[in-house]
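Let's take a walk through this one together, starting with the overall fold and then zooming in on a few side chains. Keep the viewer open as you read.

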Amino acid sequence: MAPTSRILGDLAFAEVSEKLRESSILCLPLGAIEQHGAHLPLDTDVVVAEGLARRIVARWGDEFDLWQLPTIPIGLSREHDWAPGTLSLSIACFVALMRDLARTVTRALPARNFAIINCHGGNRGVLENVLHELRGDFGLNACSIHPFDLACIESTPAAPDIHGGKSETSVMLALAPDRVRMMLVTRAAARHDAAAIEARIFDRGATWPWRSDDPGLGEGGIIGDASGASAELGAVIIDRVVFESGRVFRRLIENGQSGARSR
């Protein structure tokens, strides 16, 4: 009989061993609390992470035996710490949190597949290294899903869509329209220096600690242009993320099977 809910917290403790298996996939929504310009709330990345996780689990839950974990709402947001309300963990704390989560997951749950639904770009670089530790130190077959990249959102130095811009605002309009202050969006937020964005963000040959209050990158904490955002576009992006997540889960399962054979 299919479970009525695939949210881990909805289960009673005695149901865990009945519902979950070693092959189950745990889905962890990971967000951030940080400025997103004047028109989006501080918890935008949390809203998006949870909204996408719900839809991903609803679509693929039965096929891949997905289970949604409680959201981690705070990540690595030092590039936005000039703005009131932005919260950020240290790198050491973030890594320790992920390792402690892995430790308690392997103690408390039979599942050994782990998918992080990461909705803040600032978390990505550290996650790419933490995944090795989750596998090597805790035996978790893990991956990170980065939704806007998975949906192939176009972003160039000439027309950036990096933070608080068209795609992110559109997804918020689709998920939580009452939280978006579209009357505060102006094309002034689209002002940027394409050469500066090319050099500080898009250059793969060097990494720079860019900040969202850099006037060369944008205005008002926005790197992009939210004036063309719409709920319709947001729905298209969400559908694309949900669809493409299926191939990620297939690969995750294949990775786990090949890893088991090699041991």
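**From fold to side chains**

The protein chain has 8 helices and 4 strands. Keep in mind that you're looking at a predicted model. If you trace the chain along its sequence, the elements come in the order α-β-α-β-α-β-α-β-α-α-α-α. The radius of gyration is 19 Å, close to the 18 Å that the globule rule gives for 263 residues, so the chain is as compact as a globular protein of that length. For a feel of the box you'd need, the C-alpha trace spans about 55 × 35 × 30 Å along its principal axes.

What about the inside? Buried residues account for 49% of the 263 residues in the chain. Take the contacts with a sequence separation of 6 or more: 78% of them are between residues 24 or more positions apart. Turning to the outside, the accessible surface comes to about 12,700 Å², and carbon and sulfur atoms own 54% of that.

Now for the charges. The chain carries 27 positive and 33 negative side chains, with the centres of the two sets 5 Å apart. Side chains of opposite charge can pair when their charged atoms come close. How many salt bridges does the structure hold? The tally is 15 salt bridges, and a few are worth clicking on.

Start with Arg6 and Asp65, whose side chains meet in a salt bridge at 2.9 Å, N to O. This pair ties together distant parts of the chain: Arg6 sits in the segment before α1 (13-19), while Asp65 is in the loop between α2 (44-64) and β2 (66-68), 59 residues apart. Are these two partners buried or exposed? Arg6 has a relative accessible area of 12%, so it counts as buried. Asp65 comes in at 7%, and it is buried too because the cut-off is under 20%. The pair isn't on its own, either: Arg6, Arg21, Asp62 and Asp65 are linked in a network of salt bridges.

Next, jump to Asp81 and Arg211, another salt bridge at 2.9 Å, N to O. It also links distant parts of the chain, with Asp81 in the loop between β2 and α3 (91-108) and Arg211 in the loop between α7 (194-202) and α8 (231-262), 130 residues apart. As for the setting, Asp81 is partly exposed at 32% relative accessibility, and Arg211 is partly exposed at 31%.

For a local pairing, look at Arg103 and Asp100, where the closest N and O atoms of the salt bridge are 2.4 Å apart. Both belong to helix α3 and they are 3 residues apart, so about one helical turn separates them. Arg103 is partly exposed, with a relative accessible area of 40%, and Asp100 is partly exposed at 45%.

Let's finish away from the charges, in helix α8, where you'll find Ser245. What does Ser245 touch, leaving aside residues up to four places away in sequence? The answer is Ile56, Trp60, Ile145 and Leu150. With a relative accessible area of 0%, Ser245 is buried. Of those neighbours, Ile56 and Trp60 fall within the 44-64 range of helix α2, so you can use that helix to find your way back to the Asp65 loop.

Definitions and conventions:
Residues numbered from 1 in each chain as written. Predicted model: local features only at pLDDT ≥ 70, side-chain atom pairs only at ≥ 80, totals over all residues. Heavy atoms only, no water. Helix = DSSP H or I, 4+ residues; strand = E, 2+ residues; numbered from the N terminus. Rg over C-alpha atoms; globule rule 2.2 N^0.38 Å. Buried < 20%, exposed > 50% of the residue type's maximum accessible area, 1.4 Å probe, protein only. Contact = heavy atoms within 4.5 Å. Areas by Shrake-Rupley, 256 points an atom, 1.4 Å probe, with all protein chains shown as cover. Lys, Arg positive; Asp, Glu negative; His and termini not counted. Charge placed at Lys NZ, Arg CZ, Asp CG, Glu CD. Salt bridge = Lys/Arg side-chain N within 4 Å of Asp/Glu carboxyl O.
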